[in-house]
Number of protein chains: 2
Amino acid sequence: MESNPEKKPLSDIAYSQIKNMLLEFELHPGSAVTEIMFMQKFGISRTPVRQALQRLEQEGFMRLTPRKGWFVAGVSLRDIQEIFVVREALEGIAARLAAELLTQEVLGELNDYMEKISNQEQTKDVDEFDPGDILHDKIFEAVNNQQMNRVLRLYDDQLRRFHIMACKLPGRALLSYKEHYEILRALTERNGENAEKAMREHIQSSKLSILDAVVNESYGKWFEC
Amino acid sequence: MESNPEKKPLSDIAYSQIKNMLLEFELHPGSAVTEIMFMQKFGISRTPVRQALQRLEQEGFMRLTPRKGWFVAGVSLRDIQEIFVVREALEGIAARLAAELLTQEVLGELNDYMEKISNQEQTKDVDEFDPGDILHDKIFEAVNNQQMNRVLRLYDDQLRRFHIMACKLPGRALLSYKEHYEILRALTERNGENAEKAMREHIQSSKLSILDAVVNESYGKWFEC
DNA sequence: TGCACTCAGATTGTATACAACAAATTGTAC
DNA sequence: GTACAATTTGTTGTATACAATCTGAGTGCA
């Protein structure tokens, strides 16, 4: 375990490290791990390791079967479907609210950004992040709802474990662009109803892409059930 | 600590007990507690007590300031507002989905139940639970989304800590009945759009009641900020 | 061979001792 | 009396020892 100048609790460090390992595919869903393993790897005792694992268990990343052991949790297709229902609901209402809350200035920025992306369309490579990320970010920033953000953040991490790259399917980038364009247009018109509708369609569309990726692109091996 | 025939982990028992104390107002928001206190009260060691408290901390019921101590978390007005935005989104979409998923049989039951309530209207006392609870339950049962239920369950517990009785404000019972009637009508007509709309209005209405109760009925003392 | 049983190893569950730190208290000088 | 430093007390943070339980291999017996 590297330096610890700010005296953060060891359990927090262990938590971050293990979560990183999860997000980086260093720990594969379904595989078994032991507390002793992390204890030795990090050079700390079992107590903070256990704390970290228990926290991750509550967040759905690990599973513990009593007196047997720890396992890296997978995500079932059902989980994905359920998560996307929640995302659709929350991001939809966020868009509706943002239509009233976004400042004219930010809307300007977003439109400029969108236009710039549009011009690059032909030449740009698709390896960058989904250009719509910034739109989502600005929406959540405007809505400023911590409870909502907490839920969505968790799901983002869960999904990121499996397919950051779902947006890289053929044709997905362009489609995604169009969807974001629709959202931004509704926002610019301050039309909350349409913003919510467009956002929901966008979420549903990305759900389809991800499910596609899951079943076709052999991500299947990481999934439960 | 009473009997433990099923060998449930002590930490689980501690968790349930402490959470009960929270929901029963035995532990007041803002007050300080110590691990030793629960350790002695339950006759167990610090380890499972700590686990329980850490779990409750993650769920937002307790707060820990490092090297200082544990405090019972309050809920700020902002928290309530935020929670209700999430509830509105989730329960709304649940209603929309339920319009397709509810069986004709359950819809029949609900309509019968609603009618029965309606006839009792004059004589019944309002001390029972919100009659709409069963409607919500049936909706969630039909939607059958564990992720969604997890989030809503948590918020229910959080809010229950403060005002089970918010629905008992003058006039609230009748209003609530009418709102539920609208929801059920839309569901019966299999009109998801209207069901979502009616549910949202219902949630907003109950939010207002609760905020009213909070600021007027001297619940204020338990709130932060 | 097949089956039940025992026992050793591994892993989590719990208890407890000690370390690190914060706050309160006390003692002292002025 | 007040200000300030030293000490004492109380609390959480971490380490570690032991208990409880599960797993699986090996053994004995039919």
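# Close-up views of a protein–DNA model

**View 1. The surface near DNA strand D, by residue class.** The surface near DNA strand D has eight nonpolar, five polar and nine charged residues. The model is predicted. In this model, 22 residues surround DNA strand D. The closest are A:Leu10, A:Ser45, A:Thr47, A:Lys68 and B:Trp70. Of the atoms of DNA strand D that come within 4 Å of the protein, sugar and phosphate account for 72%.

**View 2. Polar approaches to DNA strand D from A:Ser45, B:Arg50 and B:Arg67.** A:Ser45 brings a polar side-chain atom to 2.6 Å from a phosphate oxygen of the strand. B:Arg50 also addresses a phosphate oxygen of DNA strand D, with a polar side-chain atom 2.9 Å away. For B:Arg67 the partner is a sugar or linking oxygen of DNA strand D, and the polar side-chain atom lies 3.1 Å from it. Which elements give two or more residues to the surface near DNA strand D? In chain A they are α1 (10-23) and α3; in chain B they are α3 and β3 (69-72). α3(A) gives the most, with three residues.

**View 3. The residues around DNA strand C.** There are 22 of these residues. A:Arg50, A:Trp70, B:Leu10, B:Ser45 and B:Thr47 come nearest. Look at the strand atoms within 4 Å of the protein: 70% belong to sugar or phosphate, and the rest to bases. By class, the surface near DNA strand C divides into eight nonpolar, five polar and nine charged residues.

**View 4. Base and phosphate oxygens of DNA strand C beside A:Arg46, A:Glu35 and B:Lys68.** A:Arg46 points to a base: one of its polar side-chain atoms lies 3.0 Å from a base oxygen of DNA strand C. A:Glu35 uses its backbone, with a polar atom 3.4 Å from a phosphate oxygen of the strand. B:Lys68 uses its side chain, where an N or O atom is 3.3 Å from a phosphate oxygen of DNA strand C. Both protein chains build this surface. Chain A supplies at least two residues from each of α3 (46-58) and β3 (69-72). Chain B does so from each of α1 (10-23) and α3. The most comes from α3(B), which gives three residues.

**View 5. The contact between chain B and chain A.** Each chain takes part with 29 residues. About 2,500 Å² is buried between the two chains. Carbon and sulfur atoms give 46% of that area. The size of an interface is often given as the accessible area lost when the parts come together.

**View 6. Polar and charged pairs across the interface of chain B and chain A.** Here 15 residue pairs are in polar contact. How many salt bridges are counted between chain B and chain A? The count is two. One salt bridge joins the side chains of B:Arg200 and A:Glu196, at 2.4 Å from N to O. Side chains of opposite charge can pair when their charged atoms come close. On the chain B side, the elements that give two or more residues are α3 (46-58), α4 (77-101), α7 (146-163) and α9 (192-216). α4(B) holds the largest share of this side, with twelve residues. By class, the side of chain B that touches chain A has eleven nonpolar, seven polar and eleven charged residues.

**View 7. The axis that relates chain B to chain A.** A turn of 180° with a shift of 0.0 Å along the axis lays chain B on chain A, at an RMSD of 0.0 Å. That is the relation of a two-fold axis. Which residue of chain B comes closest to the rotation axis? B:Ala89 does, with its C-alpha at 2.6 Å. Why do the copies meet through the same surface? Because 100% of the interface residues of chain B are also interface residues in chain A.

**View 8. A salt bridge within chain A, between A:Lys19 and A:Asp157.** The two side chains meet at 3.1 Å, N to O. A:Lys19 lies in helix α1 and A:Asp157 in helix α7 (residues 146-163), so the pair ties together parts of chain A that are 138 residues apart in sequence. Over all chains, the count comes to 26 salt bridges.

Conventions
Residues are numbered from 1 along each chain as its sequence is written. Chains are lettered from A and ligands numbered from 1 in the order in which they are written. This is a predicted model: local features need pLDDT of at least 70, side-chain atom pairs count only at pLDDT 80 or more; totals for chains, interfaces and linings use all residues. Side-chain values use heavy atoms; hydrogens and water are left out. Contact means heavy atoms within 4.5 Å. Buried area is the accessible area (1.4 Å probe) that two parts lose on being put together, summed over both. A salt bridge is a side-chain nitrogen of Lys or Arg within 4 Å of a carboxyl oxygen of Asp or Glu. A polar contact is a pair of N or O atoms within 3.5 Å; within protein, one must be able to donate a hydrogen and the other to accept it, and residues adjacent in sequence count only if both atoms are side-chain atoms. Helices (H or I, at least four residues) and strands (E, at least two) are DSSP runs, numbered from the N terminus. Ala, Val, Leu, Ile, Met, Phe, Trp, Tyr, Cys and Pro count as nonpolar, Asp, Glu, Lys and Arg as charged, and the others, Gly among them, as polar. Copies are superposed by least squares on the C-alpha atoms of residues with pLDDT of at least 70 in both. A residue is near a molecule or strand if one of its heavy atoms lies within 4 Å of it.
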